[in-house]
Amino acid sequence: MKFTYRLMSGMRVSALACSMFFTQAQAQSNQLEEVFVSASRMTQPIDSVLNEVNVLNKDDLQTMGHSNLSQALGKLPGVQSTSYGTNSVYIRGTESRMTPLYIEGIRIESQDGLRLGGGVPWEMIPLSMVERVEVVKGPTSSVYGSDAMGGVVQLFGKRGTVEDRPQISQSFASMGSMQTAGQISGKRDALDYSLQLSSFSSDGYNTRPDLTHSPSKEAKTNDFGIVKLGFDITNEHRIEWVGLKSKQFYQTVSYYGGTDITNHNEVTANGLQWFSSWNENQLSKFKINQSEVKANSDAPTTNDLAYDYGTTTQSVAIDHESKTRIGNFSGFLEYKKDMFNSAANTYNTAIASVRSQYGYGLGYQLDSNIHRLSVGTRIDDYDSFGAHTSYSAGYAFLLTPQWTVGAQEGTGFKAPTLEQIYGQYGSTSLSPETNQSTEVFIQYQEGANQFRSSLYQNKIENLISTNSSFYYYNVNKVKIQGVSISAKTRIQDLNFQSSIDFLNPVYDSGTYKGKQLSLRSKQVMRLAVDKQFESSKAGLEYQYTGKRFDDAANKVEFPAYGLVNVWTQTVLGKGWQWINRIDNLFDVSYKQYGCTSGGVNYCNYAMPGITFFTAMQWQFK
């Protein structure tokens, strides 16, 4: 109760302060372009979405250097991430496995045992070829089904236009890192196309200086390609195909040292979509998608455990939206099939398992002059554990054309993975992890000036864990309370962005009741400013992360830290552009990940320290 009161007090003060600030900045604001997002299964204007939404465009991503996907997401309000030792993304304090990832509408997921509960293989998704990132926060299982308990992340590549020209870039960075990337895209008559390729390599650094191991640095390579073809059959009908492949090699240090482990990962995906506008009020979408995630490693020492996992996800979906004078009605039907294969090793038997799932959903949306209403429900019927129903409901009221207040509630679930059900330590009696989330918010938007403050509570039940014999079972309850406050404004040629998150993520039952969830901080603050010069732009970023714990018992503490990053982007003329970035400018020593999940063992998993990045890009004119 005390924590909730403090959060609401901070929310009121922040809203008042930002209101005063925006009142003074309004005269210098410029109207932003309308942006469409995928908070529903059909696109919609961003200002009609009740959920908190963040969008990273190509310009945002270019100045991030060689950042990976989890690092990029960790710069957003309400999102924490770990990117060294393991790649995890925690949206509003939920577990990393509770956020699904879609690339061009194709679900990318794994069912393996590399991470508790499977989920997104974040480390296998390069950021270099992404044109746009959309993050929707809050439970979205009523739209996307399993895993969407914290939010959903969607990535999009480039769609060719008649103005496009070939592009190529060459970058160099710390640790002997190098990347070559190229893009060809365009449009001829009814056909548009886009091909993007990249090749990345890095010598790496010594991730475990506390151990004797060989080689002394952990190298990494990543080759990626995505092709996108679209054909406008008529002005009302369009067909689109997307194919992508990512191959990754990297080395990791064995728990006790010695010869480094060699890891090979691969992601492939294909998706065919048909979009149809029967008339201005009737829209349909038909999708056939398949993705495959493979991961394997060797076992150079007797203490290592080789693995060989493969997850295939297939889906077929039909979506329809009908726009009427009394609101927009939507419905969908989806079939999804998961297949998982795992080779036998010292402690696990071989697994070859399959499951099917049907999803049905209905939604309604009203966007009038001062009222916004959104409701939806979805039923997922699995052949492995039966049916599960999710719902969402939200309402917002426009106090003025700029100020909006609203509230929403939703439920979500995470289906047990095939490894958790059919593996050697699995159980066919496992129940889905479930949650119920409530949120109230106040929001301001006019031109370049934006502000949002959200107060939320998320209760999670049937959390899946392992006992002392490594068997999976439903055990804990979790309660997450938080406030996320973010603001943007533009004053002349200066752009300001800031956010602060207060989080109270604790176990609500069991042995660790009242303890803070591991690897999540209670306070995160972000500040960023960039300035436009005549032919260049420069930016400064600061991020503070409060203390965290590496274990459920809260015995191993990671101290708080603050990082400063700087970047520049310069147009050199004749299609040339030069980008530079320095991360951790003051070489701050900090820890992001350890070896103590569930225990108290200490290890020194080192961070890379100060790093630099420079890239030269050329576009044919």
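**Charges, fold and aromatic pairs in a predicted model**

Me: How far apart are the mean positions of the 55 positive and 57 negative charges of the chain?
Reply: This is a predicted model, in which local features need pLDDT of at least 70 and side-chain atom pairs pLDDT 80 or more, while totals for chains, interfaces and linings use all residues. Residues are numbered from 1 along each chain as its sequence is written, and side-chain values use heavy atoms, without hydrogens or water. Lys and Arg count as positive and Asp and Glu as negative, with His and the chain ends not counted, and each charge is placed at NZ of Lys, CZ of Arg, CG of Asp or CD of Glu. On that basis, the two mean positions are separated by 4 Å.

Me: What is the radius of gyration of the chain?
Reply: The chain holds five helices and 35 strands, which are DSSP runs (helices H or I, at least four residues; strands E, at least two). Taken over C-alpha atoms, the radius is compared with the globule rule, 2.2 Å times the number of residues to the power 0.38. That rule gives 25 Å for 621 residues, so the chain is as compact as a globular protein of that length, at 24 Å.

Me: Which class of ring pair do tryptophan 403 and phenylalanine 451 form?
Reply: Tryptophan 403 and phenylalanine 451 are both buried, that is, under 20% relative accessible area with a 1.4 Å probe and protein chains only. Rings pair if their centres lie within 6.5 Å, and planes under 30 degrees apart count as stacked, over 60 as edge-to-face and the rest as tilted. Here the centres are 6.1 Å apart and the planes at 65 degrees, so the pair is edge-to-face.

Conventions:
Phe/Tyr/Trp six-rings, centres within 6.5 Å; stacked < 30°, edge-to-face > 60°. Buried < 20%, exposed > 50% of the residue type's maximum accessible area, 1.4 Å probe, protein only.
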